[in-house]
Amino acid sequence: MTLILEAVVFGILTGGVYALMASGLTLIFGVMRIINVGHGALVILGAYLSFALLRSANIDPFVSLVITMPAMFLIGVVLQVIFIRPLKDDREALSVLVTYAIALGIEGLLGYLFTNNFVQLNAWYETASFAVFGFHIAYVYLFGFGLCLAVLGAIFVLLYRTTFGSAVRATMLNRTAAQLVGVNVDRVSAIAFGIGVSTAAAGGVIFGMTNAFNPGSHYDLISRLLTIIVLGGLGSLRGAVIAAVAMLIIEDVTAVVISPVWASFAFFLLLVIVLVVRPQGLYGIRVRERI
Amino acid sequence: MSALLELDGVTAGYGGGDVLHELTLSVDEGGITCVVGPNGAGKSTILRLVSGLIKPRLGGVRFHGESITGLTPRQILQLGIVQVPQERSLFPTMTVWENVRMGAYTLSDRALMERRMRTVCETFPIVAERRHERVAALSGGQQKIVEFARALMLDPKLLVLDEPSMGLDPKTHTVVFDLIRDMNRAGRTILLVEQNARSGLGLASHGVVLESGRVRLEGTGAGVLGNGEIGRLFLGAPV
């Protein structure tokens, strides 16, 4: 029983990290209706930026976010303006190709700068742990979960308590109607893309402290992130958070109760069941396509 | 009456080709201009052009005698041209209140926005009564009223309505058209595109029949309705 409880707690803590990474991806989809296949590579880029600051200036990975998050925001805005904004027709399909090209570009650049050897972000709290009800939790997971709550909380406040947030939500819900009430959807899209990419920096730090990574680590990551936002409902932040936590809890509990071999299978089984019942995902909006 | 809006020899369309061909059209200040025509005639394209969602390839658009060709939707909105698009133009998961407030997105004067909010609530009591409800929970007619309320937040000089009767039952249809008449009596100029030609032309001071991106006929609303040939072609039966 203790093992199951431990798996649930661990699933919630790591689920928060995936929720953070997936929230950026689903925000980008919601505002621009594009699938950012490069999001996993951007997470890895964020991890490498923190790795570079740790190695060159001995800056703590969490502290480095003060630099990397704004930097990644700017990178996101530039990527959106140069590569995404020119896509006018068939955005959803073309965006997959364009963002995949971005991912390959990032992977190549990181391989050139850092080689393909695996690295990991280190800090005292990476291995140190504390005991709760008889089981041990590493500080890094607790700090990571706290960071996720802070970043997700900031995104929710931005979206639901500010005029800019209203413009973002309006663009997500009805792009043409948003234009007709005066929202500059190009500007909103660029800033939303920047915010989504800056969350990748935060996710990258925790990912890089809990996993060894190399420039090619984004392939596995993006497949998990896409699965999360499909289960949660494309464009739904709340759905992404719930789906991420559900995925990690199910995987961790299955690994403890049955076998680690069946961990991913159990989650994908849940995904298939949910999509059969609700093709739009847990919190997605069902749309009819005009033919 | 003087012309508030003029389209002068406009040719415009989308990636697939031109929809409007050297179209010339004027909307008189203080009146209701109704554009009717078969599907694909270019009715909605006129409205997208006026709102700045698309740009003309040739020709120009003037408002109060000044060119507005090439302005962004936001700039056109700030001149006092507000469009209520075809059905489903609200933000479904936002509340009624949030939707109406979005109508004043371009206003920076908060006091003015609050005053407009009060005026809109007096005109459309449903906005205050159901302010906390998501618009998706409202009926089609109620949603149309919220769309009108949102449009009035900028106190527009020209209200552009794209098929306001679409998807409404007969009773709600009457209510919506009465509201359009009331908004016009309150001094607003209205440019209306309507599939239901009888309703639209019956309300209009100026009627325009569009065919293949060109004006086939124009005159008073009653005059166009009374035209036998147009009646047979576009209105379904002898008038």
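Reader: In what order do the six strands of the open sheet in chain B run, and what is the sense of the pairing?

Author: The model is a predicted one. A sheet is read strand by strand, from one edge to the other. In chain B the order is S6-S7-S8-S3-S9-S10, and the pairing is mixed. From one strand to the next, the twist averages 20°.

Reader: Which strands stand at the edges of this sheet?

Author: Strand S6 (81–84) and strand S10 (214–219) of chain B do; each has a single partner strand, so one side of each is left without a neighbour in the sheet.

Reader: How many bridges join S3 and S8 of chain B, and in which sense do these strands pair?

Author: Strand S3 (residues 32–36) and strand S8 (residues 189–193) of chain B are joined over four bridges, in the parallel sense. Within this pair, B:Ile32 has B:Ile190 of S8(B) opposite it. Helix H1 (residues 43–50) of chain B packs on the sheet, where it touches S3, S6, S7, S8 and S9 of chain B. The direction of H1(B) makes about 140° with that of S8(B).

Reader: How is chain B divided into domains?

Author: The domain assignment gives domain 1 as 1–80 + 156–239 and domain 2 as 87–155. The C-alpha centres of these two domains of chain B are 24 Å apart. Contact between them involves 14 residues of domain 1 and ten residues of domain 2. On the side of domain 1 that touches domain 2, H7(B) gives the most, with four residues. By class, that side has nine nonpolar, four polar and one charged residues.

Reader: How should one read the crossing of H1 and H8 in chain A, and at what angle does it occur?

Author: One considers the approach of the axes, the angle and the handedness in turn. The axes of helix H1 (residues 2–32) and helix H8 (residues 185–210) of chain A come within 8 Å and cross at roughly 165°. H1(A) and H8(A) are therefore roughly antiparallel, and their crossing is left-handed. The residues of this contact comprise 17 nonpolar, six polar and no charged.

Reader: How many residues of each chain are in contact with the other chain?

Author: In general, the size of an interface is often given as the accessible area lost when the parts come together. Here the description is by residues: 18 of chain B are in contact with 15 of chain A. Helix H2 (73–79) and helix H3 (96–102) of chain B each supply at least two residues of the side facing chain A. The largest share, three residues, comes from H2(B). By class, this side of chain B has nine nonpolar, seven polar and two charged residues.

Terms used: Residues are numbered from 1 along each chain as its sequence is written. Chains are lettered from A and ligands numbered from 1 in the order in which they are written. This is a predicted model: local features need pLDDT of at least 70, side-chain atom pairs count only at pLDDT 80 or more; totals for chains, interfaces and linings use all residues. Two residues are in contact if their C-beta atoms, placed from the backbone, lie within 7 Å. Ala, Val, Leu, Ile, Met, Phe, Trp, Tyr, Cys and Pro count as nonpolar, Asp, Glu, Lys and Arg as charged, and the others, Gly among them, as polar. Two strands pair if DSSP finds at least two bridges between them. Axes are lines fitted to C-alpha atoms, for helices over the stretch in contact, and angles run from 0 to 180 degrees between N-to-C directions. Angles under 35 degrees count as roughly parallel, over 145 as roughly antiparallel, 65 to 115 as roughly perpendicular and the rest as oblique. A crossing is left-handed if the near helix is turned anticlockwise from the far one by less than a right angle, and right-handed if clockwise. Domain bounds come from an automatic or database domain assignment.
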